[in-house]
Amino acid sequence: IDELLAEGVTGKRVFVRADLNVPLEGTTITDDGRIRAVAPTVAKLAEAGARVIVASHLGRPKGAPDPAFSLAPAAARLGEILGADVAFATDTVGESAKATVAALTDGQVAVVENLRFNAGETAKDDAERGAFADQLAELADVYVGDGFGAVHRKHASVFDLPARLPHAAGYLIATEVGVLKKLTDDVRRPYVVVLGGAKVSDKLGVIDHLLEKADRILVGGGMAYTFLKAKGHEVGISLLQEDQIPACLDYLARAEKRGVEFVLPLDVMVSAEFPDLKTKAPANPELVASDAIPADKEGLDIGPKTRELYAAKLADAGTVFWNGPMGVFEHPDYANGTKAVAQALLDSDGFTVVGGGDSAASVRILGFDENAFGHISTGGGASLEYLEGKTLPGLAALED
Ligand code: 3PG
């Protein structure tokens, strides 16, 4: 982007592909981290006199307009962050978008409606995606890719559009890639990885990769129960991916062979019912050993012994990568595991990276100072796929 700015962007229509996929409760944004993260790129372009068109997906609408997934709240928040009026087009490439872009003056910013209201954005078919990219290309003169959270998606605005316009990477993508490179090239040891979140199947590739790199892997969250089951423990009605048990057994065996410490919860907080996240009514969880989960209960957070163990395993880390919450952190009775891991990262002298939409949002929602961490990635799947060593379509498209 610096080269682009040096060439001059005054009067140019610059399309910024952002990731404004923020968590919403109705129309209220519960974590605006992703909007704040892309704001410097938008601000710099606007300051330089560009006519900035910001586009993003939000959620997973079905290729047609759906008010529940409107970007209007994100556009309003971007305006607040920039301290400027941000125009909003009620469609992505239609009459509203064309008129909104045509009305932009130098230095003004507009947001167009959710890219995924158009089936072409996510189409598997190259021609269908290409046709939508052609429509997007008509709106702009230059493309800036800065939606790091979406670079692993081969979508029209991420992959096909940059091929149609002069293009550059924004500041957010540059920062994210710089940090993740540090985790793949020259890591300071011990390299400790904390993995949580719901599903083992989302983490298969990254575990594969990390078994070659990490010194310790600590597992919590919903995915821990499939590992516990693989070790022969009963997990009651906890989240379980039965079909992933062979993969878990393979990981445990490989970790042992390679001398990687693979650490599972010692104790867990369980309940017969999933907590009410709206009312946050007391859930009265029960604490049990991880090999004694009652048949009618599910594990919803790691317990105090596990918190202490994980904090100890993180204390001397040279590098930490953390992806995925340790429990249902949205409910106060099940937030302690995630809080303990966040605190252990803050207490660590190592380089700490929090990756993943949910874990990044969780540290902010739980009230931690995000600036105290080495880096909080805006990418969930994107940062995991980067660490797996995969070619990411949205980065490949910018590389030439
Ligand atoms: C994310 O939340 O990880 C990104 O915004 C990508 O969203 P997606 O998984 O719906 O493509």
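Tutor: Ground rule for this predicted model: helices (H or I, at least four residues) and strands (E, at least two) are DSSP runs, numbered from the N terminus.

Student: What makes the place of Lys203 a loop, then?

Tutor: Lys203 sits between strand 9 and helix 9 (204–213). Helices and strands are DSSP runs, so a residue placed between two of them is given to the loop.

Student: Why is Lys203 called buried?

Tutor: The cut-off is 20 or more other C-beta atoms within 10 Å. Lys203 has 25 such neighbours, so Lys203 counts as buried.

Student: And which residues does Lys203 touch, sequence neighbours aside?

Tutor: Leaving out residues up to four places away in sequence, Lys203 touches Leu195, Met223 and Leu384.

Student: Where does the "binding site" label on Lys203 come from?

Tutor: From an unreviewed UniProt entry, which puts that feature at Lys203, Gly299, Glu330, Gly356, Gly357, Asp358 and Ser359. Be a bit careful with it, because such annotations may be inferred rather than shown by experiment.

Student: Glu330 is on that list too. Is Glu330 buried or exposed?

Tutor: Glu330 has 20 C-beta neighbours inside 10 Å. Buried begins at 20 or more, so Glu330 makes the cut. You'll find Glu330 in the loop between strand 15 and helix 13 (336–347).

Student: How do you know that strand 9 and strand 15 pair?

Tutor: Pairing takes at least two DSSP bridges. Strand 9 (residues 191–195) and strand 15 (residues 319–323) have five, in the parallel sense, so they qualify. Tyr191, for instance, stands opposite Thr319 in strand 15.

Student: What is the strand order in the open sheet of six strands?

Tutor: The order is 11-10-9-15-16-17, with parallel pairing.

Student: What makes strand 11 and strand 17 the edge strands?

Tutor: Strand 11 (261–263) and strand 17 (375–376) each pair on one side only.

Student: Over to strand 4. What makes strand 4 mostly covered?

Tutor: Strand 4 covers residues 51–55, and five of its five residues are buried.

Student: How do you know that both faces of strand 4 are covered?

Tutor: In a regular strand the side chains alternate between the two faces of the sheet. Here Arg51, Ile53 and Ala55 are on one side, Val52 and Val54 on the other, and all are buried.

Student: What are the pairing partners of strand 4?

Tutor: Strand 1 (residues 13–17) pairs with strand 4 in the parallel sense over five bridges, with Arg13 bridged to Arg51. Strand 6 (residues 109–112) also pairs with strand 4 in the parallel sense, over three bridges, and there Ile53 has Ala110 as its bridge partner.

Student: Which residues have the most contacts inside the largest nonpolar core?

Tutor: Val14, Phe15, Val16, Val52, Ile53 and Val54, in a core of 118 residues. Helix 2 gives the largest share, six residues. As for Val16, its contacts beyond four places in sequence include Val52, Ile53 and Val54.

Student: Why is Asp19 called buried?

Tutor: Asp19 has 28 C-beta neighbours inside 10 Å, so Asp19 counts as buried. Asp19 is in the loop between strand 1 and strand 2 (24–25). Its contacts beyond four places in sequence include Arg34, Ser56 and Thr378.

Student: What about Arg34: buried or exposed?

Tutor: Buried, because 26 other C-beta atoms lie within 10 Å of Arg34. Arg34 lies in helix 2 (residues 33–47), and it is in contact with Asp19, Leu20 and Asn21, among others. The unreviewed UniProt entry has a "binding site" feature that includes Asp19, Arg34 and His57.

Student: And why does His57 count as buried?

Tutor: His57 has 26 C-beta neighbours inside 10 Å, so the label fits. His57 is in the loop between strand 4 and helix 3 (72–82), and its contacts beyond four places in sequence include Asn21 and Arg116.

Student: Last one: how do you know that the radius of gyration agrees with a compact globule?

Tutor: For 400 residues the globule rule gives a value near 21 Å, and the chain has 22 Å, so the two agree. Buried residues make up 51% of the chain.

Note on methods. Residues are numbered from 1 along each chain as its sequence is written. This is a predicted model: local features need pLDDT of at least 70, side-chain atom pairs count only at pLDDT 80 or more; totals for chains, interfaces and linings use all residues. A residue is buried if 20 or more other C-beta atoms lie within 10 Å of its own, exposed if 12 or fewer, and partly exposed in between; C-beta atoms are placed from the backbone. Two residues are in contact if their C-beta atoms, placed from the backbone, lie within 7 Å. A nonpolar core is a set of buried Ala, Val, Leu, Ile, Met, Phe, Trp, Tyr and Cys residues joined through C-beta atoms within 7 Å. The radius of gyration is taken over C-alpha atoms; the globule rule is 2.2 Å times the number of residues to the power 0.38.
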